[in-house]
Every structure is written in structure tokens, then in C-alpha cells.
Amino acid sequence: IYTDFQPQITYTTPKLGGFQGSVGVFQPLQSLTAPAQTNTAPGFQGKLTFDQSVGKNASVRLWASGVTQKHETIGAGTGGLVSYTGRGMDLGGKVTVGPISAVANWYTAKGLGTTVLNLLDTDANGNPRGSDGFYVQGLATFGKISVGASYGESNLDRT
């Protein structure tokens with residue numbers, strides 16, 4: 001959904017048999033659209049990766065990650081306080097064989113928004129919106145020349 005800079009404390013493990021994990025506590029984010037929020041609970045994110053070389057010219061990288069944060073929306077259409085938890089996950093992989101590489105990634109979320117975290121994450125009444133998407137890419141590199149193609153789609157559901 002995003003690439004973002006966010007104040008955080010994150011621990012990353014050493015690599016163990018190709019596996020590596022990270023877990024972090026993040027400064028709470030506010031929704032980027034109305035209604036206003038007062039979020040005091042931190043967000044949490046985690047990621048697990050696996051890297052493996054196959055022979056001399058091939059490699060595989062797999063990953064899974066997740067994010068969660070509680071939100072409190074003020075005056076969400078009713079003038080009251082509405083709480084929801086935004087959460088999401090993604091799965092992906094990259095395979096490289098010689099000069100050819102392919103990447104695929106898929107995500108699903110509820111109450112996280114689209115494009116960046118917390119953009120259009122709820123409707124005017126504070127109901128969290130679902131989102132999902134994918135991305136695929138192929139790249140061939142021969143010397144100083146690379147040729148590639150990619151396609152992706154992001155969907156933001158109505159409530």
C-alpha cells in the first residue's frame with residue numbers, strides 16, 4: 001500500500017538458515033481524510049523474509065508482512081466516538097535466474113486506505129474500507145541494457 005517514513009523502534013533478527021524477521025512499534029498515524037482522529041495506541045508491523053540461492057545463477061526471495069493500528073474517530077457522522085483497527089498483510093516473492101528476474105506481490109487490508117497508509121481508510125461515518133491489490137514485474141538485463149514490464153492494480157472498496 002505504501003512506502004513511508006515513520007518514527008519507529010524496530011528489531012531485526014540475524015539471518016538464520018535464510019530466514020530473517022523484523023518486528024516494530026510505530027508512532028500512531030492519523031487518517032489523512034476526515035473525520036478527525038485521536039490515535040494514542042502505537043501501530044505494529046512485522047515482516048518475515050526467506051532468501052535462498054539455487055546453484056550459481058539462481059536465487060529466490062519470499063516475504064510476508066503485516067501491519068495493525070487501532071484508530072479512534074471523532075464525530076464520525078454521528079457525533080460520537082467510533083473505534084476500529086486497521087490491519088493488513090502482504091505476500092510476495094522474487095525469482096532470479098541468470099539475467100532474468102520476476103517479482104509478484106499481493107496484499108489485502110481493512111481500514112488502511114490506499115496509496116499511503118490511512119488515505120481514504122474510512123467512509124464519512126468512520127466505517128473502515130477494505131482494499132486489496134497485486135503487482136507483477138519481469139526484467140531482463142543484458143550488459144548495460146535492461147528491458148522490463150510490470151502491471152499492478154489496487155482496489156479500494158466502498159463501505
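## Nonpolar surface patch on an all-strand chain

In this predicted model, Met89, Leu91, Trp106, Phe134, Val136 and Tyr151 form a nonpolar surface patch of about 550 Å². Strands β5 (81–97) and β7 (130–142) are the elements that give two or more residues to the nonpolar patch. Patch residues have over 30% relative accessible area and no salt bridge, with nonpolar side chains joined within 5 Å; a salt bridge is a side-chain nitrogen of Lys or Arg within 4 Å of a carboxyl oxygen of Asp or Glu. Areas come from the Shrake-Rupley method with a 1.4 Å probe.

Val136 lies in strand β7. Val136 counts as partly exposed because its relative accessibility is 37%, and partly exposed runs between buried (under 20%) and exposed (over 50%).

The protein chain has 0 helices and 8 strands, where strands are DSSP runs of E of at least two residues and helices are runs of H or I of at least four. Values for the protein chain follow.

| Property | Value |
|---|---|
| C-alpha trace span along principal axes | about 60 × 35 × 20 Å |
| Exposed area | about 9,500 Å² |
| Carbon and sulfur share of the exposed area | 62% |
| Buried share of the 159 residues | 30% |

Of the contacts (heavy atoms within 4.5 Å) between residues at least 6 apart in sequence, 49% join residues at least 24 apart.

Residues are numbered from 1 along each chain as its sequence is written. Local features need pLDDT of at least 70, side-chain atom pairs count only at pLDDT 80 or more, and totals for chains, interfaces and linings use all residues, while side-chain values use heavy atoms, without hydrogens and water.

Note on methods
Patches are made of residues with over 30% relative accessible area and no salt bridge: like charges are joined within 9 Å, nonpolar side chains (Val, Leu, Ile, Met, Phe, Trp, Tyr) within 5 Å. Buried means under 20% relative accessible area, exposed over 50%, partly exposed in between (1.4 Å probe, protein chains only).
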